[in-house]
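Grab your viewer and a pencil. Here are some short exercises, each with a worked solution.

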Amino acid sequence: MVQFNEHVPMFKILSPLNEEEKIMKQTLITTVKFQIIVSSIISIVLVSVVSATDIKRVILIETMPVPAVLEHSKWFQTQLQEMDYKEGENLNLCILKADGDRELAEQLLSNELTKGNPDLVVTIATLASQTATKLLKDTDVPILFFQVSDPVGAGLVKEINVPTGTNITGKVYT
């Protein structure tokens with residue numbers, strides 16, 4: 001049974017979406033798809049890399065402290081929590097803050113890699129993604145990138161929407 005809100009005129013319910021509503025709808029659909037994809041990738045990588053009793057080691061590299069990067073970082077950490085990963089119990093999450101400095105990003109990641117290879121490296125924005133790709137190129141450590149608008153131009157992948165055959169995957173930022 002369809003119920004109508006008495007405060008919304010019938011013509012509004014039946015009228016086609018205006019441009020702003022279309023954009024909002026597409027943004028919502030894209031966000032949900034993105035969440036499903038990232039959650040799936042996290043699950044596959046972290047579950048398949050080591051047994052369930054081991055602590056998963058994840059490195060998260062933030063390119064710089066700007067709202068979009070910080071929001072993606074917070075979202076990723078929330079996704080881990082929703083998947084029952086808890087710091088100190090079954091997760092060791094190391095957050096590296098590059099502050100927009102490529103040399104600092106390389107130094108921080110190099111120092112962290114001296115402790116051994118992590119189960120997953122997550123990068124937010126181009127600088128962090130390029131750094132991880134450079135330092136992990138000869139490993140099988142999975143790299144998951146967010147917020148990279150041109151991963152082909154950044155040298156992360158050869159083509160968009162084509163399996164890379166490498167340890168790198170991510171979401172193009174548009």
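**Exercise 1: the sheet**

An open sheet has 5 strands in the order β2-β1-β3-β4-β5, with parallel pairing. The model is predicted, so to speak of local features we ask for pLDDT of at least 70, and for side-chain atom pairs 80 or more, while totals for chains, interfaces and linings use all residues. Residues are numbered from 1 along each chain as its sequence is written, and side-chain values use heavy atoms, with hydrogens and water left out.

Task: find which strands are the edge strands, and how many bridges join β1 to β2.

Solution.
- Step 1: strands here are DSSP runs of E with at least two residues, and helices are runs of H or I with at least four, both numbered from the N terminus.
- Step 2: two strands pair if DSSP finds at least two bridges between them. β2 (91-97) and β5 each pair on one side only, which makes them the edge strands.
- Step 3: β1 and β2 run parallel and are joined by 7 bridges. Check Ile-59, which stands opposite Cys-94 in β2.

**Exercise 2: the salt bridges**

Task: work out which residues share partners in one salt-bridge network.

Solution.
- Step 1: take a side-chain nitrogen of Lys or Arg within 4 Å of a carboxyl oxygen of Asp or Glu. That rule gives 5 salt bridges.
- Step 2: one of them pairs Glu-112 with Arg-57, with the closest N and O atoms 3.1 Å apart. Glu-112 sits in helix α4 (residues 102-113) and Arg-57 in strand β1 (residues 56-62), 55 residues apart.
- Step 3: both Glu-112 and Arg-57 are buried (under 20% relative accessible area; exposed is over 50%, partly exposed in between, 1.4 Å probe, protein chains only).
- Step 4: Lys-115 also meets Glu-112 in a salt bridge, at 3.2 Å from N to O. Lys-115 counts as exposed because its relative accessibility is 60%, whereas Glu-112 is at 9%. Shared partners thus join Arg-57, Glu-112 and Lys-115 into one network.

**Exercise 3: one more pair**

Task: say why the salt bridge of Lys-134 and Glu-106 ties together separate parts of the sequence.

Solution.
- Step 1: the closest N and O atoms of Lys-134 and Glu-106 are 3.1 Å apart.
- Step 2: Lys-134 lies in helix α5 (residues 126-135) and Glu-106 in helix α4, so the pair ties together parts 28 residues apart in sequence.
- Step 3: Lys-134 is partly exposed, at a relative accessible area of 45%.
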